[in-house]
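Visitor: I would like a close look at one part of this model, the largest pocket and what surrounds it. Please set it in the context of the whole chain.

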Amino acid sequence: MHHNSIFCGICGKADPVSLIQHIRDEHSLTPEEYQTKCPNAPLLTEEFGRFIKQHRVHVDNDEVRAKHELFGIRISRPIRLSDHVPDMDDKFTFDQEVGKAVLSSLLDNDRILLVGPTGSGKSSLIGQIAARLDWPLRRINLHGETGVSDFLGQHKAKNGEVYFQYGILPTAMREGQILVLEEVDAATPEILFVLQGVLEENGSLTLAENGGEIIRPHPDFRLVATANTLGLGDETSLYTGTSVLNASHLDRWTTVFQIDYLDESREIAVIRDKAPELEPALASSMVALAVAVRKAVEQEELFVTFSTRRLIAFARKTATLGLQKALEVTILNKLPRNERAVVTELAQRFIPGLEKIA
């Protein structure tokens with residue numbers, strides 16, 4: 001939830017959401033008295049006013065909370081001011097069964113591992129659940145370049161003063177965010193070792209780099225990871241750089257969900273939503289091509305898959321570049337020569353008008 005500040009009509013103090021508490025504490029006024037004194041000064045931002053109406057905001061034990069309903073589950077969550085709440089995609093297509101199970105695991109504070117092929121929507125699933133619950137979320141990609149200092153933090157100097165800059169893990173733990181670890185099966189052993197204690201139920205983090213400071217998780221902190229493999233190594237040769245996760249680490253993930261591509265009808269709906277100018281028959285042909293490529297990968301005839309992400313890029317570029325050029329720049333040019341020939345043959349079979357591709 002993003003905010004534009006409002007200002008107190010008496011002292012000019014800014015607040016990103018509401019002045020109600022401020023005028024009570026600083027000016028000893030009720031909201032009614034304040035509005036009589038400053039009739040043109042709002043008490044709430046317009047956005048927060050809409051949020052209150054939409055989410056049935058209430059106060060519980062002096063905490064402002066909002067009521068949500070998702071997948072038939074009713075949820076009351078505290079309102080936290082954060083720029084890290086993902087933007088909501090109103091047209092995002094959920095698998096209701098999987099979405100409900102993942103949400104239940106989030107609410108139970110499980111350590112969640114989402115496993116599935118690239119571009120199948122693992123990160124989007126968590127992001128769109130967080131968006132609907134106004135739950136701050138951070139992501140970090142663990143593929144190779146992420147060091148322990150990025151993850152935990154490090155000492156820095158500014159204006160002659162040395163301070164400790166917290167990394168993404170302790171920050172998410174302290175601020176009650178969902179932390180999504182992208183490609184955890186490609187993380188370095190040092191990062192995996194750091195995670196061991198945090199993965200325990202209510203596990204804490206000891207920052208040896210900051211004098212042994214102990215970071216205990218905020219009640220809203222959640223840990224989610226995505227992986228292309230189940231931590232048993234890459235059996236498909238599609239995901240170079242992935243590692244074998246040892247059994248004790250894998251065992252710490254409370255729930256594991258296999259996330260596959262959408263079924264054909266829903267994938268067609270997604271393509272048409274992302275590229276509305278696309279003819280329905282062409283959208284169906286594109287999805288049929290993707291399904292054929294994925295089957296060829298399963299049969300080890302190909303080793304580069306065709307994700308929903310690539311389908312969307314192909315569909316969008318078709319409007320500006322034309323069908324053949326769009327296929328080349330979004331799909332074929334990413335493939336080695338022998339695989340390009342196989343995918344071209346499949347494309348010519350499933351999509352009319354591609355016979356001239358070399």
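Guide: What follows starts with the chain, goes on to the pocket and one helix of its lining, and ends with two loop residues.

The model is a predicted one. Its chain holds 14 helices and 14 strands. There are 358 residues in the chain, and 47% of them count as buried. When contacts between residues at least 6 apart in sequence are considered, 65% of them join residues at least 24 apart. The exposed area of the chain is about 18,500 Å², with 48% of it supplied by carbon and sulfur atoms.

Now to the pocket. The largest pocket has a volume of about 1,100 Å³. Its lining is made up of 46 residues, and those closest to the centre of the pocket are Gly119, Ser120, Gly121, Lys122 and Arg309. By residue class, the lining divides into 16 charged, 16 polar and 14 nonpolar residues. Several elements contribute at least two residues each to this lining: the helices H5 (122–133), H10 (264–274) and H12, along with the strands S7 (137–141) and S13 (222–227). Helix H12 gives the largest share, with 5 residues.

Helix H12 covers residues 308–321, and threonine 318 is placed in it. Threonine 318 counts as buried because its relative accessibility is 13%, under the 20% cut-off. Apart from neighbours within four places in sequence, the residues in contact with threonine 318 are Leu278, Leu282, Met286, Leu323 and Ala326.

Two loop residues complete the picture, each with a backbone angle worth checking on the model. Phenylalanine 71 is not a glycine, yet its phi is positive, at about 55°. The loop that holds phenylalanine 71 runs between strand S4 (63–70) and strand S5 (73–78). With a relative accessible area of 11%, phenylalanine 71 is buried.

Asparagine 159, also a residue other than glycine, has a positive phi near 55°. Its loop lies between strand S8 (153–158) and strand S9 (161–166). Asparagine 159 counts as exposed because its relative accessibility is 73%, over the 50% cut-off. Set side by side, phenylalanine 71 is buried, whereas asparagine 159 is exposed.

Note on methods: Residues numbered from 1 in each chain as written. Predicted model: local features only at pLDDT ≥ 70, side-chain atom pairs only at ≥ 80, totals over all residues. Heavy atoms only, no water. Helix = DSSP H or I, 4+ residues; strand = E, 2+ residues; numbered from the N terminus. Buried < 20%, exposed > 50% of the residue type's maximum accessible area, 1.4 Å probe, protein only. Contact = heavy atoms within 4.5 Å. Areas by Shrake-Rupley, 256 points an atom, 1.4 Å probe, with all protein chains shown as cover. 1 Å grid on protein atoms, 1.4 Å probe; cavity = no way out; pocket = protein on both sides within 12 Å on 5 of 7 lines; lining within 4 Å. Points joined across faces, edges and corners; volume = space filled by probe spheres on them. Nonpolar A, V, L, I, M, F, W, Y, C, P; charged D, E, K, R; others polar.
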